[in-house]
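I opened this notebook to record what I looked up, entry by entry, for someone who has not met this structure before.

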Amino acid sequence: MRRLRITAYLAAGAVALGACTTASSAPTFSPPASVGVGEGALTVLGWPGYAEDGSTDETVDWVTPFEDETGCEVTVTTFGTSDEAYRLFTGGDADQFDVISASGDASVRLVAGGYVEPVNVDLVSNYADIFASLKDQPWNTVDGVHWGIPHGRGANLLMWRTDVVTTDPDSWGAVFDPDSPYAGKVTAYDAPIYIADAAVYLMATQSDLGITNPYALDQAQFDAAVALLKEQRTVIGEYWSDYTKEIEAFTNGDSVIGTTWQIIANLMGDVPVKAIKPVEGATGWSDTWMINSKTTHRNCAYLWLNHIVSPTVNAQVAEWFGEAPANSKACEETVDPNHCTIFEAAETSFWDDVYYWTTPTKECLDGRGDICIGFDEWINAWTEIKG
Amino acid sequence: MTAPIASDPVSRPSVGRRLAAFFHRRPRAALAVLLAPPLGWLLIAYIGSLALLLVNAFFRIDPFTTDIVPEPGLQNFERMLDQEVYRVIAVRTVLTAVAVTVSTAILAFPIAYYMARKATPRIRGLMVVAILLPLWASYLVKVYAWRVILAEDGILNWALAPLGLRGPGFGDVAVWLVFTYLWLPYMILPIYAGLERIPDSLLEASSDLGARGSTTIRRVILPLAFPAVVAGSIFTFSLTLGDYIAPQLVSSTQFIGSVIYSQVGSSGNIPFAAAYATVPILIMVVYLLLARRLGAFEAL
Amino acid sequence: MEGLGAWLGRIGLRLMTALVLAFIYVPLLLVIVYAFNDNLVATWPPRGFTLEWWSRAINNPGFRGALASSLIAGLAATATALVLGSLAALAVHRFRFFGRDAISFLVILPIALPGVVTGIAINSAVSTIGIPFGMLTVIIGHATFCVVLVYNNLIARLRRTAPSVEEASQDLGADTWQTFRYVTLPLVRTALLAGGLLAFALSFDEIIVTTFTRGGVQTLPIWIFNNYRLANQAPIVNVVAVIAILLSVLPVYLASRLTSDTAAAAGGRT
């Protein structure tokens with residue numbers, strides 16, 4: 001039943017593509033033409049820190065104002081990884097969660113499985129102010145159909161302890177070196193999507209492999225990335241998937257160099273660290289707010305989408321979580337006036353060599369056809385790499 | 001206590017009494033009523049779920065949509081047996097479980113013995129409380145505490161530094177240490193109960209027959225306490241076999257639980273997770289049968 | 001009569017006992033230390049003293065909600081386990097029937113099989129049937145592996161009570177319910193209490209099965225897990241742990257006193 005719907009959407013989208021010039025035209029299924037009065041309730045499935053309602057910190061709350069304004073009573077559930085999000089959203093109750101903040105490595109799978117519905121971006125007035133480079137990307141737009149509203153973005157950076165690592169590295173080679181002087185203290189992100197980081201490095205160092213998109217790897221390219229990671233395994237001290245673990249590891253000296261998020265570097269306190277985007281570029285993430293295809297609270301969902309990317313709220317979220325906001329007007333609203341500069345929010349070339357997380361599929365994302373390796377193989381390989 | 005009822009032969013006995021008589025005459029009906037709820041629950045809610053899971057082990061998923069494709073086949077089992085990493089992980093998990101069982105047994109026995117046979121009743125009561133209390137401190141908090149203890153700049157290295165030694169850091173040894181710590185109460189309590197049950201008269205008889213303390217321990221107490229040790233080992237073994245949180249926090253190695261969890265969480269590949277789950281299920285069923293043989297079920 | 005060997009053995013025993021107790025409690029003491037540590041990250045040595053985390057924890061509505069959920073789930077699961085475990089234990093103790101030995105095997109299976117297996121099994125079953133995930137599924141999951149704790153305690157106690165007491169009651173004219181209420185129950189009450197307490201403790205701290213059956217429900221372990229991931233929240237979790245330990249001292253002490261008293265009365269060591 002769901003498969004039928006999604007094929008219909010994509011077909012409709014393909015037809016619409018020819019007739020549309022801007023991406024903000026409505027797709028030809030039946031999204032609402034307008035947003036009505038809120039239905040009174042909304043369940044949000046989001047990254048921790050994205051939908052704060054005061055329960056984490058009394059002063060950090062953009063949910064209660066939303067509830068007061070719209071009458072939509074919000075229940076927030078959080079998750080730890082994209083994969084957990086996918087499992088929560090798709091397992092169990094079909095309409096349990098109304099909206100989800102999906103990273104690129106979950107959003108496409110949700111679309112493919114028919115779990116989310118296209119979003120009429122005309123109904124989200126703040127969509128117009130979102131940075132253009134976040135719109136119409138493969139993880140939030142399929143065949144011209146918009147499947148969600150961009151939330152914010154960040155890059156995976158290279159961080160090191162400046163008091164241990166004496167010469168500042170500028171390349172990912174520092175973590176891929178099997179003869180590293182910091183063997184046993186190197187760290188990496190614990191998810192199959194990290195294979196793309198190896199691919200990014202290979203793009204620069206083994207250009208004869210011909211990788212153009214680190215998420216579109218054919219067998220030979222994939223094998224090279226896996227081989228590189230197996231080599232890296234010998235110097236890895238630990239992998240991290242929740243950021244308190246990495247903060248602790250760097251503070252206590254268990255890790256001295258590895259992949260990180262900006263928020264982690266900021267939270268290191270007086271521990272001397274530095275974080276950069278190496279010369280080869282980096283993987284990154286850009287999250288999308290999506291609506292459950294089985295939702296019974298569509299109006300509240302659209303109201304939430306508009307609320308969360310409004311300038312004030314988007315600024316609050318970006319500062320609390322530590323990422324670049326999606327709304328260009330949010331930069332004027334951040335408490336720290338340098339926030340957008342630090343996080344490179346405005347359209348700078350910083351993002352040119354950042355490859356946002358997106359789900360690898362058998363059908364190559366760079367258009368080469370059916371020869372790429374799908375995500376299930378990435379998961380399988382990741383188990384093998386960790387050993 | 002109430003006076004015996006049915007003293008008046010003319011009045012009809014109460015409903016309760018008639019019901020009691022009914023069940024007394026029909027033990028089968030009584031048994032059915034007693035057994036139906038728990039048996040029904042366990043068979044339907046639990047065995048039924050397990051059976052459903054194991055049926056899934058023969059299916060596969062569509063890699064794009066992660067829907068389960070109900071076409072039976074052996075592909076999951078083939079992959080499990082072909083790829084070396086899954087064998088390595090299974091062996092590593094079982095060996096750790098054995099090591100943890102041994103270390104907890106060694107640590108638990110002296111303290112259980114002291115509690116059961118040497119401590120005054122008051123001390124014994126306090127010690128039972130002391131053993132039970134850590135079970136109320138959250139499992140996660142304890143593991144995180146060990147993360148801090150074992151860290152590079154953590155308390156263990158700091159304490160060993162004057163001796164010129166270092167702690168094990170994170171890794172397989174850390175996992176063994178943490179599991180030993182976590183499951184210790186589950187081993188102490190059954191052994192304590194088992195030792196407590198040994199009648200004093202047996203020990204007196206043993207010394208009357210000329211056995212010294214160590215001989216009595218070796219030839220009377222240990223054999224009698226053995227079922228209790230096996231009972232405790234059921235917990236230490238099974239809890240180690242399936243855990244994925246502790247290995248993730250104090251090491252970067254993968255255990256059976258880690259694989260199952262990531263297969264379900266990352267790819268929604270329930271069929272493969274189910275297939276790999278047959279490994280710990282089979283191991284535990286065999287272990288339980290052995291344990292029952294050794295009398296552990298009476299000692300739980 | 002005893003000699004040097006026995007004396008050394010006694011000293012050694014006490015030493016081992018003390019060391020094991022230290023092994024058990026040093027990490028917990030560390031947790032307490034970090035509940036007052038003036039630093040977001042748990043480093044060694046601790047930085048300074050602060051009560052900041054305590055005020056934040058107590059005022060944290062998420063924590064209070066999670067605590068409430070855990071209490072509800074624990075009480076419901078314990079009640080269910082008490083009923084089911086008692087029925088099963090009575091059946092196995094009183095009657096001989098085909099498959100009697102299999103019952104104790106069946107009852108122990110949920111707790112003996114790894115939690116992740118139980119979790120994904122119940123998860124697939126619930127998804128297939130289509131009932132919503134939530135408190136009900138959490139309770140079902142917890143009750144299933146808690147039954148064995150009640151069952152074992154009760155059956156061990158039933159085995160140790162002399163059947164003559166019940167026979168005497170029946171000779172005096174009591175029917176089944178009266179015998180149960182006035183004779184059996186008082187004798188086994190503390191075993192039920194012990195089993196119930198263990199079941200509650202297990203349910204309260206359970207995280208793996210809960211992860212797969214919770215839907216949107218946040219029990220305390222889930223809250224702890226989520227909050228450890230947030231750098232601003234990690235120290236609060238240590239406070240919560242200390243609170244949990246402190247709250248449990250009294251019930252655990254009372255329960256152990258009750259069980260040990262009646263254990264001695266019901267049959268003891270001679």
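I began with two helices of chain B in this predicted model, and found that the axes of helix α2 (residues 27-56) of chain B and helix α13 (residues 270-293) of chain B come within 7 Å and cross at roughly 115°. I then looked up the hand of this crossing, and α2(B) passes α13(B) in a left-handed one. Next I listed the residues that make the contact: B:L50, B:L53, B:L54 and B:N56 come from α2(B), while B:I270, B:P271, B:A274, B:T278 and B:I281 come from α13(B). Sorted by class, the residues of the contact of α2(B) with α13(B) comprise seven nonpolar, two polar and no charged.

My second entry concerns a pair of helices from two chains. I noted that helix α6 (residues 139-150) of chain B packs with helix α10 (residues 220-228) of chain C at an angle of about 35°, their axes being 9 Å apart. On the chain B side I found B:L140, B:V141 and B:Y144 of α6(B), which meet C:P221, C:I224, C:F225 and C:Y228 of α10(C). When I classed the residues in the contact of α6(B) with α10(C), I counted seven nonpolar, no polar and no charged.

I then turned to chain C as a whole, where I counted eleven helices and zero strands. The C-alpha trace of chain C spans about 70 × 70 × 30 Å along its principal axes.

For the last entry I looked at the surface of chain C, where C:L4, C:W7, C:L8 and C:I11 make a nonpolar patch of about 430 Å². I also checked where C:L8 lies, and found C:L8 in helix α1 (residues 3-35) of chain C.

Note on methods. Residues are numbered from 1 along each chain as its sequence is written. Chains are lettered from A and ligands numbered from 1 in the order in which they are written. This is a predicted model: local features need pLDDT of at least 70, side-chain atom pairs count only at pLDDT 80 or more; totals for chains, interfaces and linings use all residues. Side-chain values use heavy atoms; hydrogens and water are left out. Axes are lines fitted to C-alpha atoms, for helices over the stretch in contact, and angles run from 0 to 180 degrees between N-to-C directions. Helices (H or I, at least four residues) and strands (E, at least two) are DSSP runs, numbered from the N terminus. A crossing is left-handed if the near helix is turned anticlockwise from the far one by less than a right angle, and right-handed if clockwise. Contact means heavy atoms within 4.5 Å. Ala, Val, Leu, Ile, Met, Phe, Trp, Tyr, Cys and Pro count as nonpolar, Asp, Glu, Lys and Arg as charged, and the others, Gly among them, as polar. Patches are made of residues with over 30% relative accessible area and no salt bridge: like charges are joined within 9 Å, nonpolar side chains (Val, Leu, Ile, Met, Phe, Trp, Tyr) within 5 Å. Accessible areas come from the Shrake-Rupley method with a 1.4 Å probe; for residues, only the protein chains shown count as cover. A salt bridge is a side-chain nitrogen of Lys or Arg within 4 Å of a carboxyl oxygen of Asp or Glu.
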